[in-house]
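Trainee: I am new to this structure and would like to look closely at one part of its surface. Could you take me through it slowly, one residue and one element at a time?

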Amino acid sequence: MLAETICSAASAAGLGIAAVTAYRKRFLAATRIAAYSLVPVGLVLTGVVEWVTDIAFKPSVWLGFGLLGVAWLLFITTRAVERRTGGTRKERKAAARAAREGAVEPAASAPSLGAGAPAAQQRERPEKQAAASGSGEDFSDIEAILKKHGI
(Lines give C-alpha, C1' and ligand atoms only; values in the text may rest on other atoms or scores of the structure.)
Protein backbone atom coordinates (compact mmCIF):
# COMPACT_ATOMS: atom_id res chain seq x y z
CA MET A 1 0.00 0.00 0.00
CA LEU A 2 2.93 2.31 0.64
CA ALA A 3 4.27 1.76 -2.87
CA GLU A 4 0.91 2.68 -4.39
CA THR A 5 0.80 5.89 -2.36
CA ILE A 6 4.31 6.85 -3.44
CA CYS A 7 3.51 6.17 -7.09
CA SER A 8 0.33 8.25 -6.88
CA ALA A 9 2.22 11.15 -5.29
CA ALA A 10 4.91 10.98 -7.96
CA SER A 11 2.27 11.04 -10.69
CA ALA A 12 0.48 14.01 -9.11
CA ALA A 13 3.76 15.92 -8.85
CA GLY A 14 4.59 15.12 -12.47
CA LEU A 15 1.19 16.32 -13.66
CA GLY A 16 1.69 19.54 -11.69
CA ILE A 17 5.03 20.12 -13.38
CA ALA A 18 3.40 19.40 -16.73
CA ALA A 19 0.71 22.02 -16.00
CA VAL A 20 3.34 24.65 -15.17
CA THR A 21 5.25 23.77 -18.34
CA ALA A 22 2.08 24.09 -20.43
CA TYR A 23 1.36 27.46 -18.81
CA ARG A 24 4.76 28.62 -20.12
CA LYS A 25 3.64 27.71 -23.68
CA ARG A 26 5.91 24.69 -23.96
CA PHE A 27 3.20 22.24 -24.93
CA LEU A 28 5.42 19.54 -26.42
CA ALA A 29 7.53 19.30 -23.28
CA ALA A 30 4.41 19.45 -21.09
CA THR A 31 2.88 16.52 -22.98
CA ARG A 32 6.06 14.50 -22.59
CA ILE A 33 6.20 15.20 -18.83
CA ALA A 34 2.54 14.24 -18.46
CA ALA A 35 3.19 10.96 -20.27
CA TYR A 36 6.08 10.12 -17.94
CA SER A 37 4.08 11.06 -14.87
CA LEU A 38 1.20 8.72 -15.78
CA VAL A 39 3.50 5.66 -15.94
CA PRO A 40 3.65 5.03 -12.15
CA VAL A 41 -0.15 5.09 -11.80
CA GLY A 42 -0.45 2.75 -14.78
CA LEU A 43 2.00 0.33 -13.16
CA VAL A 44 0.01 0.40 -9.91
CA LEU A 45 -3.28 -0.27 -11.69
CA THR A 46 -1.86 -3.19 -13.70
CA GLY A 47 -0.44 -4.88 -10.61
CA VAL A 48 3.20 -4.63 -11.62
CA VAL A 49 4.10 -2.66 -8.48
CA GLU A 50 2.58 -5.31 -6.21
CA TRP A 51 4.44 -8.05 -8.09
CA VAL A 52 7.75 -6.16 -7.78
CA THR A 53 7.25 -5.55 -4.06
CA ASP A 54 6.50 -9.24 -3.55
CA ILE A 55 9.76 -10.09 -5.32
CA ALA A 56 11.81 -7.42 -3.56
CA PHE A 57 11.07 -8.58 -0.04
CA LYS A 58 11.51 -12.35 -0.41
CA PRO A 59 15.01 -13.68 0.37
CA SER A 60 14.47 -16.77 -1.78
CA VAL A 61 13.92 -14.57 -4.83
CA TRP A 62 17.18 -12.71 -4.15
CA LEU A 63 18.95 -16.04 -3.71
CA GLY A 64 17.63 -17.07 -7.13
CA PHE A 65 18.88 -13.84 -8.70
CA GLY A 66 22.25 -14.40 -7.07
CA LEU A 67 22.49 -17.93 -8.47
CA LEU A 68 21.56 -16.68 -11.93
CA GLY A 69 24.30 -14.06 -11.65
CA VAL A 70 26.88 -16.67 -10.64
CA ALA A 71 25.84 -18.92 -13.53
CA TRP A 72 26.12 -16.01 -15.97
CA LEU A 73 29.55 -15.10 -14.58
CA LEU A 74 30.79 -18.69 -14.96
CA PHE A 75 29.49 -18.88 -18.51
CA ILE A 76 31.17 -15.62 -19.55
CA THR A 77 34.44 -16.63 -17.87
CA THR A 78 34.59 -19.98 -19.66
CA ARG A 79 33.85 -18.32 -22.99
CA ALA A 80 36.66 -15.81 -22.47
CA VAL A 81 39.14 -18.53 -21.51
CA GLU A 82 38.08 -20.68 -24.47
CA ARG A 83 38.63 -17.80 -26.90
CA ARG A 84 42.03 -17.00 -25.41
CA THR A 85 43.30 -20.59 -25.53
CA GLY A 86 41.83 -21.42 -28.92
CA GLY A 87 39.03 -23.81 -28.09
CA THR A 88 38.93 -27.31 -26.72
CA ARG A 89 41.93 -29.62 -26.46
CA LYS A 90 40.85 -31.59 -29.53
CA GLU A 91 40.52 -28.39 -31.57
CA ARG A 92 44.01 -27.22 -30.51
CA LYS A 93 45.55 -30.59 -31.43
CA ALA A 94 43.81 -30.57 -34.82
CA ALA A 95 45.04 -27.03 -35.51
CA ALA A 96 48.62 -27.97 -34.56
CA ARG A 97 48.48 -31.05 -36.79
CA ALA A 98 47.18 -29.00 -39.72
CA ALA A 99 49.91 -26.41 -39.17
CA ARG A 100 52.62 -29.08 -39.26
CA GLU A 101 51.29 -30.70 -42.43
CA GLY A 102 50.97 -27.48 -44.42
CA ALA A 103 54.10 -25.80 -43.04
CA VAL A 104 55.63 -23.10 -45.22
CA GLU A 105 58.78 -21.16 -44.53
CA PRO A 106 57.67 -17.83 -42.99
CA ALA A 107 59.76 -15.70 -45.37
CA ALA A 108 58.95 -17.75 -48.45
CA SER A 109 57.00 -16.08 -51.21
CA ALA A 110 55.81 -19.39 -52.64
CA PRO A 111 55.02 -22.76 -51.04
CA SER A 112 57.98 -25.00 -50.34
CA LEU A 113 59.05 -27.15 -53.27
CA GLY A 114 60.06 -30.06 -51.14
CA ALA A 115 63.01 -31.33 -49.13
CA GLY A 116 65.32 -31.95 -52.13
CA ALA A 117 65.06 -28.49 -53.74
CA PRO A 118 67.92 -26.11 -52.98
CA ALA A 119 67.14 -22.73 -51.47
CA ALA A 120 68.52 -20.88 -54.49
CA GLN A 121 65.94 -22.48 -56.77
CA GLN A 122 63.11 -21.50 -54.42
CA ARG A 123 64.15 -17.86 -54.38
CA GLU A 124 64.56 -17.49 -58.16
CA ARG A 125 63.50 -14.14 -59.58
CA PRO A 126 60.20 -14.03 -61.50
CA GLU A 127 61.95 -12.89 -64.70
CA LYS A 128 64.20 -15.94 -64.64
CA GLN A 129 61.24 -18.20 -63.94
CA ALA A 130 59.31 -16.71 -66.86
CA ALA A 131 62.30 -17.11 -69.14
CA ALA A 132 62.88 -20.64 -67.93
CA SER A 133 59.29 -21.62 -68.52
CA GLY A 134 59.59 -20.67 -72.19
CA SER A 135 56.16 -19.12 -72.46
CA GLY A 136 57.47 -16.56 -74.93
CA GLU A 137 55.35 -13.68 -73.58
CA ASP A 138 56.93 -10.25 -73.38
CA PHE A 139 56.66 -8.71 -69.91
CA SER A 140 58.67 -5.60 -70.69
CA ASP A 141 55.71 -3.27 -70.17
CA ILE A 142 55.03 -4.78 -66.75
CA GLU A 143 58.72 -4.49 -65.86
CA ALA A 144 58.66 -0.83 -66.90
CA ILE A 145 55.70 -0.12 -64.65
CA LEU A 146 57.35 -1.89 -61.73
CA LYS A 147 60.62 0.02 -62.27
CA LYS A 148 58.69 3.28 -62.49
CA HIS A 149 57.22 2.61 -59.03
CA GLY A 150 60.56 1.45 -57.63
CA ILE A 151 59.62 -2.19 -57.22
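Mentor: Let us start from Val39, which is found in helix α2 (helices are DSSP runs of H or I with at least four residues, numbered from the N terminus). This is a predicted model, in which local features need pLDDT of at least 70 and side-chain atom pairs count only at pLDDT 80 or more, while totals for chains, interfaces and linings use all residues. Residues are numbered from 1 along each chain as its sequence is written, and side-chain values use heavy atoms, with hydrogens and water left out.

Val39 has a relative accessible area of 44%, so it counts as partly exposed (buried is under 20%, exposed is over 50%, and partly exposed lies in between, with a 1.4 Å probe and protein chains only). Together with Leu43, Val48, Trp51 and Val52, Val39 forms a nonpolar patch on the surface, and these residues share about 430 Å² of accessible area (patch members have over 30% relative accessible area and no salt bridge, and nonpolar side chains are joined within 5 Å; a salt bridge puts a side-chain nitrogen of Lys or Arg within 4 Å of a carboxyl oxygen of Asp or Glu; areas come from the Shrake-Rupley method with a 1.4 Å probe). Helices α2 (27-46) and α3 (48-56) each supply at least two residues of this patch, and α3 gives the most, with three.

For contrast, consider Ser11, whose place is in helix α1 (residues 2-23). Ser11 has a relative accessible area of 3% and is therefore buried. Leaving aside residues up to four places away in sequence, Ser11 touches Ser37, Leu38, Pro40 and Val41 (contact means heavy atoms within 4.5 Å).

Methods:
Patches are made of residues with over 30% relative accessible area and no salt bridge: like charges are joined within 9 Å, nonpolar side chains (Val, Leu, Ile, Met, Phe, Trp, Tyr) within 5 Å.
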